Amino acid sequence: MADSNENQQDKGKEQEQYGVLLYYKYTEIPDLNSLLSFYNSNCTSLSLLGRVRLSLHGVNVTVGGKLSSLENHIEAVKAISLFEGTDFKLASCHFPLNDKVAHECGFTSLSIRIVKELVTFTPYPLVKAPDVSNAGRHLSAVEFHSALQSAGKLVDKESLAEDKGLVLLDARNLYETRIGKFDMPNVDTLDPRIRQYSDLPSWIDDNSEQLRGKNVLMYCTGGIRCEMASAYIRSKGAGFENVFQLYGGIQRYLEQFPDGGFFKGKNFVFDHRISVGSADANILGTCLLCGLSFDDYSSRCRCSYCRMLVLVCDSCREEEAVYVCELCQKHGKVVESNVAENGEQQDILPQVQLKTISSDTILSPQLPGGQGARPPRKLRILCLHGFRQNASGFKGRTASLAKKLKNIAELVFVDAPHELPFIYHPCVSELECSDESSFSSQQILPPTETCRGKFAWLIAPDSKGRSATDWEKADSPFDPLQYLQQTEGFDVSLSYLKTIFSRDGPFDGILGFSQGAAMAALLCAQKGRLKGDIDFRFAILCSGFALPFVEIESGSINCPSLHICGCVPGKDRQIANKTSRELSSLFEDGCSIIIEHDCGHIIPTRTPYIDEIKGFLHRFL
């Protein structure tokens with residue numbers, strides 16, 4: 001009887017008309033909280049699932065549900081004057097059948113978030129962010145097709161410059177272009193072959209001469225990535241004015257040209273459909289291992305180094321196999337073979353080896369058993385202190401941790417690059433020269449030259465840095481939420497850490513505390529992009545939080561991580577338990593371990609916490 005009911009439910013799902021809706025709109029949002037309430041109420045009442053991203057500059061929406069519900073949602077959004085002229089891309093499709101794919105694409109729940117950027121264009125703030133109002137001119141699918149057909153010739157008087165050459169620029173990631181792209185003879189096509197969209201600005205900077213003086217035709221899946229990218233190209237000034245983008249993206253083009261037109265293969269989409277093809281059944285993608293035609297990402301195979309999706313056909317795919325994408329192979333990453341006890345050959349990732357041995361590593365002439373081999377080396381862990389701290393102070397505060405880990409790890413401490421002024425609060429006179437000291441307001445402040453400098457990885461936009469030689473009076477009482485205002489200086493810190501890794505590395509892992517943990521988390525999010533400059537295998541994030549100026553999709557960071565935070569309620573009065581847990585949720589399932597403690601805003605070293613920390617580290621010995 002139960003089976004019969006389940007079959008009826010399954011048939012009911014098949015009979016229901018299901019669909020996916022995509023749309024975005026760049027416009028100034030005067031009341032963000034009101035819009036947030038609208039989406040919460042409307043999407044929940046219509047049982048829509050997917051992603052809604054809101055910012056002061058517009059919205060970006062990808063949701064799924066019954067077609068009738070999606071149509072009702074469109075009508076409700078159209079009633080808001082802000083959305084006049086919005087291109088709503090609605091497509092009917094099957095009900096999500098693969099729970100793994102639906103979960104990975106965010107189609108098993110409704111996620112509505114306020115973000116700084118609708119799509120993350122760069123992993124760090126640009127000196128001058130591109131103005132989306134300066135984006136390239138929109139070309140309809142027909143105009144875009146005609147431009148390619150004419151191979152750079154004049155389309156109309158107000159369109160492409162006649163005396164300019166034409167280049168076609170794909171603004172998507174490598175795993176998307178593998179299975180489908182525009183292809184037109186006699187037209188230069190540029191495929192940046194990037195892992196993620198935030199790598200595109202660097203590619204544009206490095207390849208700007210290929211774009212200078214040309215008619216640049218850009219395209220992406222639905223159009224939103226071209227908005228910011230085309231504005232960035234045009235912001236480079238003279239020689240970069242003629243930038244055009246496919247309005248509505250590949251999706252609108254395939255609707256206009258169902259036979260595929262000049263687009264070959266399939267259009268990768270970020271929902272449970274995975275990809276959408278045309279009437280042309282030709283397969284563009286190939287299996288990573290055997291090279292045979294293949295373009296199905298439903299198995300969700302990923303590179304074992306950078307975690308980018310890879311194509312592995314059914315015949316080559318094996319459980320727990322190790323795969324290395326073409327970009328990692330290009331940078332020398334390989335799969336090594338190991339013979340298991342049962343005689344079978346296994347593929348493994350090579351371990352990172354130190355070129356030199358730390359001065360505090362004690363070598364024994366022989367291991368027990370007389371094998372004459374050296375004991376395993378210690379893990380080297382780079383430690384990033386919190387806001388308004390320094391390497392010396394952080395080393396002192398973690399002395400107990402270092403002592404209990406001395407047989408398996410060496411902790412290396414560095415000052416952050418942004419030096420801060422010395423400040424005091426007149427009511428309590430908490431001095432910067434001692435984290436634990438407090439003095440009455442009548443006591444004399446010591447000379448600053450006797451105090452160690454205080455540093456930060458990120459600073460507030462109005463921060464002046466340390467310029468005075470004396471103490472400065474604090475503008476206001478201590479604010480435990482001050483970290484939300486510290487959004488500047490990431491690019492400086494990133495460049496600084498690249499130097500540290502080059503000069504003092506290699507390091508097996510990173511340990512960050514408070515703001516240092518936020519900095520370390522962002523390095524985890526960019527591991528693929530930073531390969532060769534900042535290489536590490538794991539992260540320990542203590543009292544961490546997500547940086548407010550960067551959007552990172554939930555479950556998108558693939559890096560083994562240990563998250564240590566105060567338990568509920570209020571054991572860490574500076575970084576709330578919820579805040580640290582939100583940071584851990586950005587890591588892929590199975591990548592993160594959480595330790596909650598009742599010791600406050602510190603790294604706990606008593607049992608059972610230290611045993612859990614050691615257990616995590618032993619995985620990397």
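Here is a chat about a predicted model and how its labels are earned.

Colleague: Let's start with the overall picture. How many helices and strands are there, and how much of the protein is buried?

Modeller: The protein has 16 helices and 26 strands. Of its 621 residues, 49% are buried. Among contacts with a separation of 6 or more, 72% are between residues 24 or more positions apart.

Colleague: Lys-25 caught my eye. Why is Lys-25 called buried or exposed?

Modeller: Go by the number. Buried means under 20% relative accessible area, and Lys-25 has 18% relative accessibility, so Lys-25 counts as buried. Lys-25 sits in strand β1 (residues 18-26).

Colleague: What is Lys-25 in contact with, leaving aside its neighbours within four places in sequence?

Modeller: The list is His-57, Gly-58, Val-59, Leu-82, Phe-83, Glu-84, Gly-85, Thr-86 and Leu-118. Val-61 is 36 residues from Lys-25 in sequence, with 9.1 Å between their C-alpha atoms.

Colleague: And His-272? What makes that one buried or exposed?

Modeller: The cut-off for buried is under 20%, and His-272 has a relative accessible area of 6%, so His-272 is buried. His-272 lies in a loop, the one between β13 (267-268) and β14 (275-276).

Colleague: Which residues is His-272 in contact with, not counting neighbours within four places in sequence?

Modeller: Those are Tyr-18, Val-20, Cys-93, His-94, Phe-95, Pro-96, Val-101, Ala-102, Cys-105 and Phe-107. There is also a spatial pairing with His-103: 169 residues apart in sequence, yet 8.5 Å apart in space, C-alpha to C-alpha.

Colleague: On to the largest nonpolar core. Which of its residues touch the most other members?

Modeller: Out of 39 residues, those are Leu-382, Leu-384, Leu-497, Leu-523, Ile-534, Leu-541 and Phe-587. Two or more core residues come from each of β17 (379-384), β18 (409-414), α13 (490-504), α14 (515-525) and β24 (538-542). The largest share, eight residues, is from α14.

Colleague: Why would such residues be found together?

Modeller: As a general tendency, nonpolar side chains in soluble globular proteins are buried together.

Colleague: What is Phe-587 in contact with, beyond four places in sequence?

Modeller: Phe-587 is in contact with Cys-524, Leu-541, Gly-555, Ile-557, Cys-559, Ser-561, His-563 and Ser-592. Apart from the largest core there is another one, of 31 residues, including Val-101, Phe-268, Tyr-297 and Val-312.

Colleague: Back to α14. How do you know that α14 is mostly covered?

Modeller: By counting: ten of its eleven residues are buried. They are Gln-515, Gly-516, Ala-517, Ala-518, Met-519, Ala-520, Ala-521, Leu-522, Leu-523 and Cys-524. These buried residues pack against β17, β21 (454-456), α13, β23, β24 and α15 (577-584).

Colleague: How many cavities of 30 Å³ or more are there, and which residues line the largest?

Modeller: There are two cavities of 30 Å³ or more, and the largest has a volume of about 60 Å³. Its lining is Ala-518, Ala-521, Leu-522, Ala-546, Leu-547, Val-550, Ile-552, Leu-583 and Leu-586. The largest share of that lining, three residues, comes from α14.

Colleague: What classes of residue make up that lining?

Modeller: Nine nonpolar, no polar and no charged residues. Ala, Val, Leu and Ile are among the types that count as nonpolar.

Colleague: Now the charges. What makes Glu-410 and Arg-380 a salt bridge?

Modeller: The cut-off is within 4 Å, and their closest N and O atoms are 3.2 Å apart, so the pair qualifies. The pair links distant parts of the chain, with Glu-410 in strand β18 and Arg-380 in strand β17, 30 residues apart. Both residues are buried.

Colleague: How do you know that Asp-508 and Arg-537 meet in a salt bridge?

Modeller: The N to O distance is 3.1 Å and the limit is 4 Å, so Asp-508 and Arg-537 pass. Asp-508 is in the loop between α13 and β23 (509-513), and Arg-537, 29 residues away, is in the loop between α14 and β24. Asp-508 and Arg-537 are both buried.

Colleague: How many salt bridges does the structure hold, and which residues are linked in a network?

Modeller: The structure holds 19 salt bridges. Asp-87, Lys-89, Arg-252 and Glu-255 are linked in a network.

Conventions: Residues are numbered from 1 along each chain as its sequence is written. This is a predicted model: local features need pLDDT of at least 70, side-chain atom pairs count only at pLDDT 80 or more; totals for chains, interfaces and linings use all residues. Side-chain values use heavy atoms; hydrogens and water are left out. A nonpolar core is a set of buried Ala, Val, Leu, Ile, Met, Phe, Trp, Tyr and Cys residues joined through side-chain atoms within 4.5 Å. Buried means under 20% relative accessible area, exposed over 50%, partly exposed in between (1.4 Å probe, protein chains only). Helices (H or I, at least four residues) and strands (E, at least two) are DSSP runs, numbered from the N terminus. Contact means heavy atoms within 4.5 Å. On a 1 Å grid over the protein atoms alone, a cavity is a set of points where a 1.4 Å probe fits but cannot get out, and a pocket is an open set with protein on both sides within 12 Å along at least five of seven lines; lining residues have an atom within 4 Å of a point. Grid points are joined across faces, edges and corners, and a volume is the space filled by probe spheres set on the points. A salt bridge is a side-chain nitrogen of Lys or Arg within 4 Å of a carboxyl oxygen of Asp or Glu.
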